[in-house]
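Here's a quick tour of a protein chain, written for someone just getting started with structures. Have a look at the picture first, then read on.

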Amino acid sequence: MNPISIKQNSFFSGVSDDPRANSASGFIITKNFDIFTNPFRLTPYRSFEADTETSVSATDLKQYVVKDFLYASASSKLYGLGKVVATSFTKIVQKAVAESGLWTLPANSEGNGAVKNGTFLEYKDYLWGFQGTTQVWKWGLLSGTPSITNSAGTVGTVYNTITVISVVAGGTLYNVNDILYIDGGTGGTAIVASVTAGGVVATVTLLQPGYNYSTGTKATSSSSSTGTGCTIGVTTVANTSATITSNAQGIIAKDDNGYIFYNNIVVRIYPSGTVQDQALKLPTNLKITSACNFGNYMAIGCSPTSIYNGVSKVFLWNLYSPDVQEVIDWGEGELRVLENVEGTLVGITDRYLNNASGAGRGSMIIQGYTGGSPQVLKEVFTQKLNGIGIPQSKIVKNNRLFFACKIFTNEAGTEYNEGIWSFGRKNSAYPYALSLDYVDENATSGIQTFGSAGNFFFIACNSDGSVDKTNDAAIYAFTSILETQIFNFGETEIEKRLDKVKVSFRRLAVNESITVKYKVDDQTSWTTIGTFATAGVLSHTFLRESSKDFTSGKEFRFRVESTGGTEITGISLVATPLSTI
């Protein structure tokens, strides 16, 4: 039979939905390749290097366990948020130049409460964050000689919550289980427990205690389409206290106020430095995980307080009303990252990646929202529980959202794809695509968080205080990898003889090379076809030879490994069917 050819010289579709899908520009995975800048080539990223050196030693920074990174808005400095060795209190470190040089330990940069990594905001010449159980700290002025203010604000006290209620007037036409929304404060609700003839409310049960209430008779509105006229007597109110159990990265909104988040609470920071707790309070069964600006609104992503059950929500808030303007059901799972990409809300959800509730089908889900309901844009399944959640770290740049995730690719848990992924596109002429951009080969025990300064990425990894960064020299010590789709050359049931594999690339320079491997049918390990490293050449073809035949089979999958910075521009395959059906 006649030979069959397959050629791929574009890669802008990114990770495919199915490894056997017929895609001219997709693939199973790439690692350490930039697929977006030049959609018709794969350009390697620089490798990572350790970045834990201070004036004391090359690894001194590790003891401070820095997990948050912030690139200054008005200088070349990079700030890091870690902890004091002896006490685990807040500690701020810095680099004078983000991409190179040593970390330093500035004076007056230690707090007096346990560090709360995950919130690290620059606002009005100060850095802001949480510490201890109720403290908001700030460190500045950044333009002068900074020092820390340990209690720039205090959070956690909910004032004047309803504790006891009674029915004053029962109204008419109510039904049992109608919800009553209590006026005179924020968020207080009750449920109708019993009614008498004519739908007169007899008894109620307090649902949500709300806050900012006073005692006395309060009007209500109702979920009932018929009930009217019920008034509630607020008999007693009290202050309740909460501690910071979760937190999320802060943002600066369109009203020029800073916002930081803990538990289910939005905290507002005014330009004057005044801290307002409970600028917005969301349902107590949710925790805020990520927020961003979305047009005239703040979009607040929340996940269930328990990872084992529940639905994530996104709330749209106009920044001044006591309640939100829209509630978006984001679906099952734990929404970990939310950002605005080209006017679309993009969310990254951990759906049972880290617990057995998924019955072996845990996944990373990417959804987009522009109105209506969120749409699933990409879903990647894991073959084994990954043991860690998706970090809340995020970066938006170059029309892409960067986030970190670990996906196991075999049931044994020995093979996985972990690193910094990106979702986006080059421009409006191209489709949205998913890519595993950065794989830090030094991060053998997982990625905890990451940050960036320009195009330099900083990764906190290995759970031991390790920090790696993009190399400040053009060094490509890591392997960049392309794993192609599974090819059946037009027919799954027919055996094929692989005849040749051609790889094209930007003209090879000295110390650059490519290695080609393949798997046939159900093989679990890669077989090396060959390596090529002749400088000045634009392509190389690996041929079937009598002394080294290729394995025949029905399906073929290929892996191209680039070392030294080799840019891949295409792969061509030729196989001959050995029979007919």
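Where along the chain does N455 lie? You'll find N455 in the loop between β39 (447–453) and β40 (456–461). Keep in mind as you go that this is a predicted model. Its secondary structure is easy to sum up, with zero helices and 48 strands.

**The whole chain**

- Along its principal axes, the C-alpha trace spans about 95 × 65 × 40 Å.
- The chain has 581 residues, and 53% of them count as buried.
- Its accessible surface comes to about 23,700 Å², and carbon and sulfur atoms account for 48% of that.
- If you take the contacts between residues at least 6 apart in sequence, 58% of them join residues at least 24 apart.

**Two residues to compare: N455 and S363**

- Is N455 buried or exposed? Its relative accessibility is 54%, so N455 counts as exposed, the cut-off for that being over 50%.
- Setting aside its neighbours within four places in sequence, N455 is in contact with K397, N398, Y438 and T470.
- N455 and G387 are 68 residues apart along the chain, and their C-alpha atoms are separated by 29 Å.
- Now for S363, which is found in strand β33 (residues 363–369).
- S363 counts as buried because its relative accessibility is 0%, and buried means under 20%.
- The side chain of S363 makes a polar contact of 2.7 Å with the side chain of E379.
- E379 is also one of the residues in contact with S363 once neighbours within four places in sequence are left aside; the full set is T349, D350, R351, L353, E379, V380 and F381.

**Strand β44 and its partners**

- Strand β44 covers residues 513–520, and eight of its eight residues are buried, so the strand is largely enclosed by the rest of the structure.
- Both faces of β44 are covered. One side has S513, T515, K517 and K519, the other has I514, V516, Y518 and V520, and all of these are buried.
- On the pairing front, β44 goes with strand β47 (residues 556–563) in the antiparallel sense, over eight bridges. One place to spot this is V520, whose bridge partner in β47 is F556.
- β44 also runs antiparallel to strand β45 (residues 527–532), and five bridges join the two. Look for T515, which stands opposite T531 in β45.
- β44 and β45 form a hairpin, with six residues between them. In the turn, D521 has a positive phi of about 50°.

**A sheet that includes β1**

- What is the strand order in this open sheet of four strands? The order is β1-β48-β43-β46, and the pairing is antiparallel.
- β1 (4–8) and β46 (539–543) stand at the edges with a single partner strand each, so one side of each has no neighbour in the sheet.
- From one strand to the next, the twist averages 15°.
- β1 pairs with strand β48 (residues 568–577) over five bridges, in the antiparallel sense. As an example, K7 stands opposite S572 in β48.

**Another sheet, β27 to β30**

- This open sheet also has four strands with antiparallel pairing, in the order β27-β28-β29-β30.
- β27 (286–294) and β30 (326–332) are the edge strands, and each pairs on one side only.
- The twist here averages 20° from one strand to the next.
- Strand β29 (residues 311–317) and β30 run antiparallel and are joined by six bridges. Within that pairing, K313 has D329 in β30 as its bridge partner.

**The nonpolar cores**

- Which residues have the most contacts inside the largest nonpolar core? They are I348, M364, F403, W421, L434 and F558, in a core of 52 residues.
- Zoom in on I348: leaving aside neighbours within four places in sequence, its contacts are E334, L335, R336, V337, M364, I365, I366, I390, L401 and F403.
- Apart from that core lies another one, of 19 residues, including A279, L280, C302 and W317.

Methods. Residues are numbered from 1 along each chain as its sequence is written. This is a predicted model: local features need pLDDT of at least 70, side-chain atom pairs count only at pLDDT 80 or more; totals for chains, interfaces and linings use all residues. Side-chain values use heavy atoms; hydrogens and water are left out. Two strands pair if DSSP finds at least two bridges between them. Axes are lines fitted to C-alpha atoms, for helices over the stretch in contact, and angles run from 0 to 180 degrees between N-to-C directions. A nonpolar core is a set of buried Ala, Val, Leu, Ile, Met, Phe, Trp, Tyr and Cys residues joined through side-chain atoms within 4.5 Å. Buried means under 20% relative accessible area, exposed over 50%, partly exposed in between (1.4 Å probe, protein chains only). Contact means heavy atoms within 4.5 Å. Accessible areas come from the Shrake-Rupley method with a 1.4 Å probe; for residues, only the protein chains shown count as cover. A polar contact is a pair of N or O atoms within 3.5 Å; within protein, one must be able to donate a hydrogen and the other to accept it, and residues adjacent in sequence count only if both atoms are side-chain atoms.
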